[in-house]
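Welcome! Here are some exercises, each with a worked solution, to help you find your way around a protein you have not met before. Keep the structure in view as you go.

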Amino acid sequence: MTALLLLTTAGCGGSKITLEDLEAAAAKVQQDTTSDGASVVENAVVAELLDIEKPSLKFGFIKLTDCAPLVIAKEKGYFQDEGLNVEIEAQSNWKVLLDRVIDGQLDGAHMLAGQPIGATIGFGTKAHIITAYSLDYNGNGITVSNEIWSQMQENDESLKSPTPPHPISAKSLKPIVDRYKQDGKDFNMGMVFPVSTHNYEIRYWLAAAGIHPGFYNKDNITGMVDADVLLSVTPPPQMPSTLEAGTILGYCVGEPWNQQAVAKGIGVPVTTNYDIWKNNPEKVFGVSAEWNEKYPNTHIAVVKALIRAGKWLDETDADGKLANRQEAAKILSGKDYVGADEELIKKSMTGTFVFQKTDVRPMPDFNVFFNHHASYPHYSDCIWFLTQMRRWGQITESKPAEWYEETAKEVYKPEIYRKAAAMLVAEGKVSTEEIPASDYDGYRPATNEFIDGNTYDARDPIGYINSFVIGNKDGDSADAPPTKL
């Protein structure tokens with residue numbers, strides 16, 4: 001009877017359902033069900049209410065701890081609560097993952113934040129990919145080999161301490177890179193994908209110290225034009241072994257692959273992306289725009305489950321300690337997920353980051369999945385990636401300021417998030433304070449919490465691009481020589 005009432009109330013017509021319909025119907029569920037049988041009835045009703053178009057789904061992920069919301073949504077039954085039968089499958093690399101979302105082999109995936117953006121604007125594979133859910137903030141580190149670390153210490157006496165001052169900039173690396181160039185040797189470092197946060201973060205860290213990380217242009221998509229440091233793609237799980245083999249001298253990657261270098265004694269993490277840009281977006285849940293058009297209610301149900309998973313991951317106990325991260329680390333360590341040692345995963349997941357055995361620091365916000373509105377798809381986050389794509393030449397021509405906002409709105413879909421969140425609020429699973437206010441416009445406040453102290457204001461993307469010493473400037477053509485230090 002409740003189901004019939006709800007369907008009548010919501011006027012459920014697949015993609016015709018509105019935010020107001022969802023709020024009213026979810027509130028009706030909460031009102032009409034009894035406390036002892038509420039969850040069973042509610043779950044069935046919500047599935048029917050949303051008219052789930054595709055209940056059986058397959059999602060892809062890469063073996064990194066920030067796939068956690070997908071894994072937890074499955075393992076804690078949140079997908080099932082929404083009437084979804086979800087399989088999540090590890091992919092060999094980011095390109096394969098993206099291609100499989102585009103061709104429909106995967107319904108959606110744990111993606112690099114830059115992947116939906118790069119695909120939509122046509123850098124690399126051209127396809128309209130969208131995101132309605134940000135998986136996390138922070139979570140990456142930059143690691144260098146033991147030999148390079150020793151040389152950095154020689155260049156900066158303060159680094160010889162068992163607990164050197166942080167954040168560690170790349171200034172002590174610059175003389176080493178300069179010497180390699182003088183000797184005609186390549187200085188190779190690894191990142192995970194051309195449109196990855198890792199690529200832009202390591203470039204930002206290097207350039208802030210006057211080290212040129214190279215440009216892309218129309219004729220050269222390697223990103224190594226005029227480069228002092230050659231950045232190449234290495235899949236995340238292979239980073240430590242590639243460093244150990246000497247093929248690369250350092251890398252930027254997510255966890256647990258920085259902690260793996262420490263555990264194996266082959267490298268030293270020198271900084272995290274929390275210090276490069278505090279509370280930066282890292283991964284998103286991406287689907288094709290076509291998939292969303294076919295299965296809009298299914299998409300809302302997926303986002304509902306992910307919001308619950310993110311909240312569970314960030315829950316704290318009475319002492320303010322992360323309450324569920326040890327359980328999360330155990331789940332993630334399974335062979336079907338990250339497949340790394342549980343103790344290794346637990347370090348960063350529980351808020352501790354090991355730079356060296358003598359330098360172990362509390363970092364409670366190393367991984368943020370829900371707090372600080374981390375799961376909301378902020379337009380300003382998308383615009384930051386676009387500014388870096390322009391800075392390094394992946395966007396080959398100048399664009400007007402309005403193009404950045406228009407593009408962000410093509411890719412980021414907060415209206416889907418809000419529909420999902422409204423239902424969860426009405427169901428009592430999320431509070432209104434945990435969701436951005438209804439009049440929030442998607443632009444986080446301007447911030448200077450970057451390693452170089454530069455201020456980012458998403459409302460002035462051109463000014464931001466032009467503020468850097470190293471990088472393309474607005475007005476540079478693809479064929480003109482880019483600005484150099």
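Helices (H or I, at least four residues) and strands (E, at least two) are DSSP runs, numbered from the N terminus. With those names, aspartate 226 can be placed in the loop between β9 (220-225) and β10 (230-233). Please keep in mind that this is a predicted model.

**Exercise 1. Take stock of the whole protein.**
Task: Find how many helices and strands there are in the protein, and what share of the residues is buried.

Solution:
- Step 1. Counting the elements gives 21 helices and 16 strands.
- Step 2. The protein has 485 residues, and 58% of them are buried.
- Step 3. Now take the contacts with a separation of 6 or more: 73% of these involve residues 24 or more positions apart.

**Exercise 2. Describe a loop residue.**
Task: Decide whether aspartate 226 is buried, partly exposed or exposed.

Solution:
- Step 1. Buried means under 20% relative accessible area and exposed over 50%, with partly exposed in between.
- Step 2. The relative accessible area of aspartate 226 is 34%, so this residue is partly exposed.
- Step 3. For its surroundings, look at phenylalanine 215, which is 11 residues apart from aspartate 226 along the chain; their C-alpha atoms are separated by 6.7 Å.

**Exercise 3. Build the sheet.**
Task: Work out the order of the strands in the open sheet of 5 strands, then look at the surroundings of β3.

Solution:
- Step 1. The order reads β2-β1-β3-β13-β4, and the pairing is mixed.
- Step 2. At the edges are β2 (85-90) and β4 (129-134), each of which pairs on one side only.
- Step 3. From one strand to the next, the twist averages 30 degrees.
- Step 4. On one side of β3 (residues 108-112), 2 bridges link it in parallel to β1 (residues 56-61). Phenylalanine 59 has glycine 108 as its bridge partner in β3, while glycine 60 stands opposite alanine 109.
- Step 5. β3 is also joined to β13 (residues 283-288), through 4 bridges and in an antiparallel manner. Here leucine 112 is partnered with lysine 283 of β13.
- Step 6. Helix α7 (residues 114-121) lies across β3, β4 and β13, at about 95 degrees to β3.
- Step 7. As for burial, 5 of the 5 residues of β3 are buried, so the strand is mostly covered.

**Exercise 4. Follow one helix to its two partners.**
Task: Determine how α4 (residues 68-75) is oriented to α15 (residues 296-314) and to α16 (residues 325-332).

Solution:
- Step 1. Two packed helices are described by the angle between their axes and the distance between the axes.
- Step 2. The axes of α4 and α15 come within 8 Å and cross at roughly 100 degrees. Angles of 65 to 115 degrees count as roughly perpendicular, and α4 and α15 are therefore roughly perpendicular to each other.
- Step 3. In this contact, Ala68, Pro69, Leu70, Ile72 and Ala73 of α4 meet Ala305, Leu306, Ala309, Trp312 and Leu313 of α15. These residues divide into 10 nonpolar, no polar and no charged.
- Step 4. With α16, the angle is about 90 degrees and the axes are 11 Å apart; α4 and α16 are therefore roughly perpendicular as well.
- Step 5. Ala68, Val71, Ile72 and Glu75 of α4 make this contact with Ala328, Ile331 and Leu332 of α16. The division is 6 nonpolar, no polar and 1 charged.
- Step 6. Turning to α15 itself, 19 of its 19 residues are buried.

**Exercise 5. Check a helix against its expected span.**
Task: Compare the expected span of α18 (residues 379-391) with the distance between its end C-alpha atoms.

Solution:
- Step 1. At 1.5 Å a residue, the 13 residues of α18 should span 18 Å.
- Step 2. The end C-alpha atoms of α18 are 18 Å apart, which agrees.
- Step 3. Since 13 of the 13 residues are buried, α18 is largely enclosed by the rest of the structure.
- Step 4. Isoleucine 383 lies in α18 and, at 1% relative accessibility, counts as buried.
- Step 5. Beyond its neighbours within four places in sequence, isoleucine 383 is in contact with residues including Tyr404, Ala408, Tyr443 and Pro461.
- Step 6. Just after α18, glycine 393 takes a positive phi of about 95 degrees.

How values were computed:
Residues are numbered from 1 along each chain as its sequence is written. This is a predicted model: local features need pLDDT of at least 70, side-chain atom pairs count only at pLDDT 80 or more; totals for chains, interfaces and linings use all residues. Side-chain values use heavy atoms; hydrogens and water are left out. The expected span of a helix is 1.5 Å times one less than its number of residues. Buried means under 20% relative accessible area, exposed over 50%, partly exposed in between (1.4 Å probe, protein chains only). Two strands pair if DSSP finds at least two bridges between them. Axes are lines fitted to C-alpha atoms, for helices over the stretch in contact, and angles run from 0 to 180 degrees between N-to-C directions. Angles under 35 degrees count as roughly parallel, over 145 as roughly antiparallel, 65 to 115 as roughly perpendicular and the rest as oblique. Contact means heavy atoms within 4.5 Å. Ala, Val, Leu, Ile, Met, Phe, Trp, Tyr, Cys and Pro count as nonpolar, Asp, Glu, Lys and Arg as charged, and the others, Gly among them, as polar.
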